[in-house]
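Below are some notes for a colleague who has not looked at this entry before. They go from the ligand outward to the chain.

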Amino acid sequence: MSEGTTTTRGSFASNFGFMMAAVGSAVGLGNIWKFPYITGEYGGGAFVLVYLVCITMVGLPLMYAELIIGRRGGSDILGALRKLTQSKGALGTAFSYLTGLMAVLSAFLMLAFYSVVAGWAVYFFLLSVGLIPAVEFGNATVFDELAANARTSAICHTVFMLMTIGVVTLGVHRGIEFLCKTLMPLLFVILTAMLGYVAYTGGLDQSLSFLFRPDFSKLTSSAVLEALGHAFFTLSLGMGAMVTYGSYLKEEGRVIRDSVAIAALDTIVALLAGTVIFAVVFQGDLEPSAGPGLLFQTLPELFVNMPGGRFVACVFFGLVVFAAWSSAISLLEVVVAYFVDEWKWPRFVAAGGIGAGIWALGLACAMGVMMTQDTTLQDGLDDIVSRYMLPIGGLLIAIAAGWLVLPEDGLSGFRHMVKGGAVFGGIWQFLIRFVTPIMVTIVLLWQMGLFDAWLKGETPAPPAEKGELAAPKEPAG
Ligand code: PHE
């Protein structure tokens, strides 16, 4: 097996290390914060079912496509695409620049607002540990005050960015792999322990039937589209994170198995987190449709009244911080890999310099700078990236993998399958060439409002859910 070009630019030492880093990227605020609240808003079981179909039909093929492009291209997203589309001449080069630069820009912009939300999780962690004695944990107004308090938000965002820059500076093996190998198993242990805890405190039955008993009368077409959009976000697709991690893989024999395992583990974490969170919500006799405030507002209020709740809350927010941290690292790594591979910057310069730029943009978000008269920079960036740039990136990567990359590269992962490689390879090729682009185009047209007339008559989506990570605009619960 070729070692590729990984020696000078760093690589994962083991497949397990790679897996934990990739799962770390996928498992983030999308699983613990966004998935439960959109599931709550869209009525539970039926939405979950559609989400699972989207993960399998669109997420999984694209996950493999990104990993194999990274592995075969052996470089940052732009370099990897440029190498693999060489046979298409100028078209391939132009396409690679378009896709690569957009992915790098998406990662840059996204980390700015992601870090602000992650900073709030840092704040709630410190609060639950008792390190911010002036504020009472569990008080319903804490979150609104935090979101409105520029200074505190800015400090928490700064702490989180420093944590992220520090790990990326240490490199792929010593930084990212080491941290994720430690954090991810711990995250699974904590989630399982929390499942045991809610089995004891109550609400588990209701939570399970809410999540797993589909009621199709609650399923709206906007729920279907939301599920597809979220499949991208939660699997870290459409911005080159998986391409970049794939490029640090030493061998490709396990790419198929790894793709399935990453998607499965990400889904398991989302379902586990949802089960735990809704059990707490039902145990507290609340409605599951609290919206974006579910994690930061509803849960702290409920935790304080539960046995050992304060301790559980601090473990829980620790988990949220871990999850967001390993995702943020993968976002910064996309940009850093680009500057290291394309511009030959030393890693610490790229991590520090780019990190500082992202920090400055995030600072503007945390300070409540406005983008337009009625949209904050935080919500505006979130909207642009989550609703447009990620799906467009996913569409371009799917087109590249399906039509521009030579089949000997695109299908190489399937050659390692003991049985059925040709059949599964054929299915993948069909999905990535036709199904993914068509479904993503539908989501994009929806985001642009082209289906509004058709969707009329359904309850319009509340404004706060427009962006993936929008701050709650109204009190929850
Ligand atoms: N997958 C992450 C989450 O669920 C978000 C993310 C998207 C991270 C894209 C990296 C790249 O929160």
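Which cavity is the space taken by the ligand?

1. The space taken by the ligand is the largest cavity. Please keep in mind throughout that this is a predicted model.

2. Five helices each give two or more residues to the shell around the ligand. In chain order they are α2 (15-26), α3 (29-41), α6 (89-129), α11 (221-234) and α15 (309-343).

3. The shell holds 15 residues, and those that come nearest to the ligand are A26, G30, Y114, F233 and S236. Sorted by class, seven residues of the shell are nonpolar and eight are polar, while charged residues are absent from the shell.

4. Polar backbone atoms of three residues face N or O atoms of the ligand. A nitrogen atom of the ligand lies 3.2 Å from such an atom of S25, and a polar backbone atom of T234 is 3.1 Å from a ligand nitrogen. For L29, the partner is an oxygen atom of the ligand, at 3.1 Å.

5. How much of the accessible area of the ligand does the protein cover? On its own the ligand has 320 Å² of accessible area, and the protein covers 100% of that.

6. The chain as a whole has 20 helices and zero strands. Its radius of gyration is 21 Å, close to the 23 Å given by the globule rule for 477 residues, so the chain is as compact as a globular protein of that length. The C-alpha trace spans about 60 × 50 × 45 Å along its principal axes.

Definitions and conventions
Residues numbered from 1 in each chain as written. Predicted model: local features only at pLDDT ≥ 70, side-chain atom pairs only at ≥ 80, totals over all residues. Heavy atoms only, no water. Near = heavy atom within 4 Å. Polar contact = N/O pair within 3.5 Å; in protein donor to acceptor, adjacent residues only side chain to side chain. Areas by Shrake-Rupley, 256 points an atom, 1.4 Å probe, with all protein chains shown as cover. 1 Å grid on protein atoms, 1.4 Å probe; cavity = no way out; pocket = protein on both sides within 12 Å on 5 of 7 lines; lining within 4 Å. Sits in = over half its atoms within 2 Å of the grid points. Helix = DSSP H or I, 4+ residues; strand = E, 2+ residues; numbered from the N terminus. Nonpolar A, V, L, I, M, F, W, Y, C, P; charged D, E, K, R; others polar. Rg over C-alpha atoms; globule rule 2.2 N^0.38 Å.
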